[in-house]
Amino acid sequence: MVRGTLGRAFESHEAETRWYKYWLENGYFHAEDRSEKQPFCIVIPPPNVTGMLHMGHALNNALQDIVIRFRRMQGYNTLWMPGMDHAGIATQNVVEQELAKEGISRNDLGRERFVERVWEWKAKYGGMIINQLKRLGCSCDWSRERFTMDEGLSRAVREVFVRLYNNDLIYQGDYIVNWCPRCHTAISDLEVEYNEENGHLWHIRYPFVDGDGGIVVATTRPETMLGDTAVAVNPDDPRYRDIVGRSVILPLVEREIPIIADSYVTMEFGSGAVKITPGHDPADFAMAGRHNLPIIRIMDGGGAMNENAGLYRGQDRYVCRENIVADLKKYGYLLQVEPYLHNIGQCYRCKTDIEPMVSRQWFVKIAPLAKAAVAAVVKGKTRIVPATWEGTYFDWMNNIRDWCISRQIWWGHRIPVWYCDECGRIIVAAQDPQSCPDCGGTALTQEEDVLDTWFSSALWPFSTLGWPDQTEALKTFYPTSLLVTGFDILFFWVARMMMMGLYVMKDVPFRDVYLHALVRDEQGDKMSKSRGNIIDPIEMIDKYGADAFRFTLAAFTAQGRDVRMSEERIEGYKYFVNKIWNATRFSLINLEDYPEEGVSVSKEEESLPDRWIKARLGRTIDGVAGGIEEYRFNDAAAAVYQFVWHELCDWYLELIKPILYGNGDARSRLAAQHTLLYVLKTVLKLLHPFMPFLTEEIWYTLVPEGGAIMIAAFPTVEDGLRDPEAETNMGILMDTISAIRNIRGEMGLAPSKKLKVLIRTQDESSRSIVKAGKDYIVAMANLEDCAIRGDMEDLKGVATAIVGNLQILVHLEGLVDIGGEKARLEKEIAKINKDLAFVGKKIANRDFLSRAAAAVIQKEEGKYRQLCEKHAALDSALKKLLSLGP
RNA sequence: GGGCGGGUAGCUCAGAUGGGAGAGCGCCACGCUUACACCGUGGAUGUCACAGGUUCAAGUCCUGUUCCGCCUACCA
């Protein structure tokens, strides 16, 4: 097979489908349960089954795929474990909405039928995101794909629940929880988001039972007064000291409630007296515990007032508020209303105002679990990157509160608890029990509630690998190597995986956690439907190709920074794709007659550009590999971008053109072809983790029998690549060429005009470097002739530049523009004067000389000397220009 | 109220371990040179938020101020 040719442009869409299929068919994504190779494993943050790929997913998964492909190429037994989350409330909502269109509710259907419907929905519409991940190029081991509601994962959930329960780490009780009246369920503290809203502070007078007067309380939620069971003041408050212990009459309700003293009350706020509603306020609930107050719940699950609300029964809580306020006013209890800005807790899914409400729920006693999870990070068993997040992690873990895990919905893992209808005994078991172990009764009723979706997600790193079975995969891949996720779910998910992993597996779930930032729009705003600033990843892939899109994501992923995304930027990296494509086309054309089996080229046959580009390639390998290893994706991307565009294309390809076009001997042409092919192949491998499709397509054409690039070995820096001498020498030639080009541009000499140049230096070694590289200078600076001499006689009609110890004189011939050259030299000299003043001041400073490091002093003195020389050279050039004339 | 991150070129951002600043895009000029105009060559642009301090030397370390984000929190 011979090398092929490439079309005019990369057809991304066609290539993407073709190569993804090819990879799948060849099983390249598949990880071995057992292998001689070192394991490397990432578990995917499971997207919601209802989810569609958004920018956050795209970033998250592009980064994972970059690391995974990199490690796979490095020879690891690489597993990227994919799957989805059943997303209890979200999915139930979707299906309920579907039912609503048919005019029925889930209650009409009943639990069993409803859950069936959800499964049907999932089969039909669920998991769109999986196909979208494939469009991105994700190399997950799809043969292992899991779903949190799978039989196996459900078994893991039950098993963990039972263990926790038997260890007294799960309990049931009546506590105040965050209740979403729309979702009709309790949610955890984390699922509440607080937003500032303009409200009011109502001042209400509660009259004393005995005697005149009363006490004034201030509240933002007057409707909750129906559930008040006390009024509290601070024990140190002189205003109220005497009335503690007395009682007041709750207006409208006519209930007698006590005035109690509790140091929780802030004297300075409002009137210094607080109404206490233990049934509907977390702080009040806590106070009720301390003072043994009755707890009255006044609302139902939908946020409407219940039978305890008397006349207000059936009213929605906000309607009720208006009525209460009106009534208070009517009866003279309302003293004052002031505008008040405060935080309202809302359901993070549906934005409905949360109602704190007392109800019977299941909780995980979390402090002991959190303690171990903190210790693991302190000991460095798990590393959080960037490390600044460790502090946040510790703060949260150390102040953590028990986790409410029961949800009053139907879609999810039903809690493995049964109640004996006969004797009332609670049975907690992994397997459905047949009878009551106490009374032997067979009439058992299972707990209605399901578990928080995050409960099953917390088990993800080991449940997906087969736990509770001791599978080979589990032994090989746990603890996993890396977790990549957004910082927004550090608490929701990462922390809980840490706790569960340590509890169940006795080891951390992952060695490294890389937390990336959020994707925002170019203004820095969060992308959201309501803002209308969403960029759809799939649309971007269609338009610019997955490779350009992925590269853009990587290039903008600096640690600790949000990713600002705009279409323009993706387009910019599409240009990079095009550049790579065309550099390859150029190479292919010029490799046509290069033998497939290659040639062996000795060190001596290599040209300076050959040696130089290989040396630069070596540094690029370090940059890319180091960047990915340290999760500095922008650095890795920048390193390869810079190399391909500004070293390979801008310099190397241009430098070898004359050689390739046959201006030299056959051997040096072969040497250039050899190097070109080698460098191109290597850089494609460096690019592959970022641009899998493009590189595979090119690789296939360039190395038809080389197998897939995705399983090629990732380059390492061989000794032959290090060549500082070539870098230095080539650097001199490049600076020389740039200096001539600069004169051409500044002096307005046409690009097409071939110039005559004289390069002079008394330094032997520089002269020989330039002599050896003369042909490159002539070609790259478009010269008619380039003389290199050691004598320093005066010349007229030239423009001068100084590079190191080289004096570069460009003959201006007929078009002498003394004014132009004078201005150019003066500008240059002015710049040097400024630098000279600065460095001069420094090395004249006694303190600097006595205190700075020797190396620094040496460096500064060297700099000064060079500046002086350059200054002198330019100055004499200027003088000659003026004295000699045209 | 606490905590964290950030204010560097017109824009978006890089700048371990202190030695007077970089990239990409944009802008200006010139070029269709047989890979690429999704290109090439050259050029311009910065009181590194502000004020102090440490140091021979500060974008980089310390303190304070200010502005902007985010996280977190039971002052009703």
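Which element supplies the largest share of the surface near RNA strand B? In this predicted model, that share comes from α18, with 10 residues. The legends below treat the RNA surface, two helices and the cysteines in turn.

**Figure 1. Protein surface around RNA strand B in the predicted model.** RNA strand B is surrounded by 57 residues, the closest being Tyr-264, Thr-266, Arg-561, Phe-838 and Arg-851. At least two residues of this surface are supplied by each of β8 (214-219), β13, α18 (567-590), α20 (633-663), α23 (724-746), α26 (818-844), α27 (846-851) and α28 (854-884). Sugar or phosphate accounts for 59% of the atoms of RNA strand B within 4 Å of the protein, and bases account for the rest.

**Figure 2. Polar side-chain contacts to a base and to phosphate of RNA strand B.** Thr-266 places a polar side-chain atom 2.4 Å from a base oxygen of RNA strand B. Trp-645 instead addresses the phosphate, with a polar side-chain atom 2.6 Å from a phosphate oxygen. For Lys-863, an N or O atom of the side chain is 3.0 Å from a phosphate oxygen of RNA strand B.

**Figure 3. Helix α9 (residues 317-330) and its buried face.** The 14 residues of α9 should span 20 Å at 1.5 Å a residue, and the end C-alpha atoms are indeed 20 Å apart. Buried in this helix are Arg-317, Cys-320, Arg-321, Ile-324, Val-325, Asp-327 and Leu-328. Because these buried residues fall within an arc of 165° when seen down the axis, they line one face of α9. Glu-322, Lys-329 and Lys-330, on the other side of α9, are exposed. The cover over the buried residues of α9 includes β7 (192-207), β13 (334-347) and β14 (355-364).

**Figure 4. The two ends of α9.** At the N-terminal end, Asp-316 acts as the cap of α9, with a side-chain oxygen 2.8 Å from the backbone nitrogen of Tyr-318. Just after the helix, Gly-332 adopts a positive phi of about 80°.

**Figure 5. Helix α10 (residues 367-378) and its packing partners.** This helix has 12 residues and reaches 16 Å from its first C-alpha to its last, close to the 16 Å expected at 1.5 Å a residue. Leu-369, Ala-370, Ala-373, Val-374, Ala-376 and Val-377 are the buried residues of α10. They cover an arc of only 160° around the axis and therefore lie on the same side of α10. Lys-371 and Val-378 are exposed on the other side. The buried residues pack against α7 (151-166), β14, β15 (383-385), α11 (388-398) and α15 (490-505). Following α10 is Gly-380, whose phi is positive, near 80°.

**Figure 6. Cys-404 and Cys-436, in a model with zero disulfides.** For Cys-404, the closest cysteine sulfur is that of Cys-180, and at 13 Å the separation is too far for a bond. Cys-404 counts as buried because its relative accessibility is 5%. Cys-436 is likewise in no disulfide; the nearest cysteine sulfur, in Cys-423, is 3.5 Å away. With a relative accessibility of 2%, Cys-436 also counts as buried.

Methods. Residues are numbered from 1 along each chain as its sequence is written. Chains are lettered from A and ligands numbered from 1 in the order in which they are written. This is a predicted model: local features need pLDDT of at least 70, side-chain atom pairs count only at pLDDT 80 or more; totals for chains, interfaces and linings use all residues. Side-chain values use heavy atoms; hydrogens and water are left out. Helices (H or I, at least four residues) and strands (E, at least two) are DSSP runs, numbered from the N terminus. The expected span of a helix is 1.5 Å times one less than its number of residues. Buried means under 20% relative accessible area, exposed over 50%, partly exposed in between (1.4 Å probe, protein chains only). The arc is that of the directions from the helix axis to the C-beta atoms. Contact means heavy atoms within 4.5 Å. A polar contact is a pair of N or O atoms within 3.5 Å; within protein, one must be able to donate a hydrogen and the other to accept it, and residues adjacent in sequence count only if both atoms are side-chain atoms. A disulfide is a pair of cysteine sulfur atoms within 2.5 Å. A residue is near a molecule or strand if one of its heavy atoms lies within 4 Å of it.
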